[in-house]
Amino acid sequence: MQPNDGETWLQTDDYGVIDRLEHEQIVTSFYRMVFPIWPEHSAYVIRAADGSEQRIPIPLQRKSVMLGYLRVYSWFAVLFFAAPALFAWDRYAWMLGPGLVLLVAALMVTFLTGRLDEAEAFRRGMLRRVVGFGAPPELLSDSLRAEIRTNLELMWSTKSSTPWSDALVAGECSELLVALAEYHQDPELIALAHANFSNKLWN
């Protein structure tokens, strides 16, 4: 839970966890009053081994917001229908059917949604090995992306005198080149970097 900054008396808390990658995930902080009411912001959260966490602000994520609502309110709906059926069976037995349907739905949105697909998990894992965290560059601020891009270019210059884009065109492949292409946000270079890397994996 996070204290507010004086603009509102409502407290905030994290809901809508998506895109979990080991100790990294995307969450949305909601203003809440028992239940989430309104999304404040989304963040890419990185948890260290000592329990500390780094939060990188990112644009509000629709999937995280939607699941933040659905996961909480679907369980509330389960309770609303199941409790009367369990405690006053004679009068409310009919409510057990809808309660079971809602239970299945709640389980699905809680445990089966918001996961990374295999290709995206592979991509983010590669970025994490090079950069230190796997947040997609397109979600980061321009200033942070530029800072990381400069560091990656420095890393490449200590490894090779060939411009990194020329190395890509020549067919060279490495995770560093993939990260460079990703952080330059050039679709053609990104496609080429991943194609080179895939060719290496399959050959």
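The following exercises, each with a worked solution, concern the predicted model shown above.

Residues are numbered from 1 along each chain as its sequence is written. Because this is a predicted model, local features need pLDDT of at least 70 and side-chain atom pairs count only at pLDDT 80 or more, while totals for chains, interfaces and linings use all residues; side-chain values use heavy atoms, with hydrogens and water left out.

**Exercise 1. Overall form**

Task: Describe the order of the helices and strands, and state how spread out the protein is.

Solution.
1. Count the elements: the protein has eight helices and four strands. Here helices (H or I, at least four residues) and strands (E, at least two) are DSSP runs, numbered from the N terminus.
2. Place them in order: along the sequence the pattern reads β-β-β-β-α-α-α-α-α-α-α-α.
3. Compare with a globule: the radius of gyration is 22 Å, well over the 17 Å that the globule rule gives for 203 residues, so the protein is more spread out than a compact globule. The radius is taken over C-alpha atoms, and the rule is 2.2 Å times the number of residues to the power 0.38.
4. Add the dimensions: along the principal axes, the C-alpha atoms fill a box of roughly 80 × 45 × 30 Å.
5. Add the burial: 39% of the 203 residues count as buried. Buried means under 20% relative accessible area, exposed over 50%, and partly exposed in between (1.4 Å probe, protein chains only).

**Exercise 2. Two salt bridges of helix H4**

Task: For the salt bridges of arginine 123 and arginine 129, identify the partner and the setting of each.

Solution.
1. Fix the criterion: a salt bridge is a side-chain nitrogen of Lys or Arg within 4 Å of a carboxyl oxygen of Asp or Glu. The structure holds 12 of them.
2. Take arginine 123: its side chain meets that of glutamate 120 at 2.9 Å, N to O. Both residues belong to helix H4 (residues 118-131) and stand three residues apart, about one turn of the helix.
3. Check burial: arginine 123 is buried at 11% relative accessible area, and glutamate 120 is buried at 19%.
4. Take arginine 129: its side chain forms a salt bridge with glutamate 175 at 2.7 Å, N to O. Glutamate 175 lies in helix H7 (residues 175-184) and arginine 129 in helix H4, so the pair ties together parts that are 46 residues apart in sequence.
5. Check burial again: glutamate 175 is partly exposed at 22%, whereas arginine 129 is exposed at 52%.

**Exercise 3. Helix H5**

Task: Establish where the buried residues of H5 lie around its axis, and what they pack against.

Solution.
1. Test the length: at 1.5 Å a residue, the 18 residues of H5 should span 26 Å, and the end C-alpha atoms are 26 Å apart, which agrees. The expected span is 1.5 Å times one less than the number of residues.
2. List the buried residues: Arg145, Ile148, Leu152 and Trp156.
3. Locate them: seen down the axis, the buried residues fall within an arc of 85 degrees, so they line one face of H5. The arc is that of the directions from the helix axis to the C-beta atoms.
4. Find the packing partners: the buried residues of H5 pack against H4, H6 and H7. On the other side of the helix, Ser143, Leu154 and Thr158 are exposed.
5. Examine the salt bridge within H5: arginine 145 meets aspartate 142 at 2.7 Å, N to O. The two are three residues apart in H5 (residues 142-159); arginine 145 is buried at 13%, while aspartate 142 is exposed at 57%.
6. Turn to linked bridges elsewhere: salt bridges that share partners join Asp19, Glu120, Arg123, Arg124, Glu138 and Glu182 into one network.

**Exercise 4. The nonpolar core and glutamate 182**

Task: Identify the most connected members of the largest nonpolar core, then describe the surroundings of glutamate 182.

Solution.
1. Define the core: it is a set of buried Ala, Val, Leu, Ile, Met, Phe, Trp, Tyr and Cys residues joined through side-chain atoms within 4.5 Å.
2. Name the members: of the 33 residues in the largest core, Phe133, Leu152 and Trp164 touch the most other members. The largest share, seven residues, comes from H7.
3. Move to glutamate 182, which lies in helix H7 and is buried at 3% relative accessibility.
4. List its contacts (heavy atoms within 4.5 Å): leaving aside neighbours within four places in sequence, glutamate 182 touches Arg123, Leu127, Pro137, Ile190 and His194.
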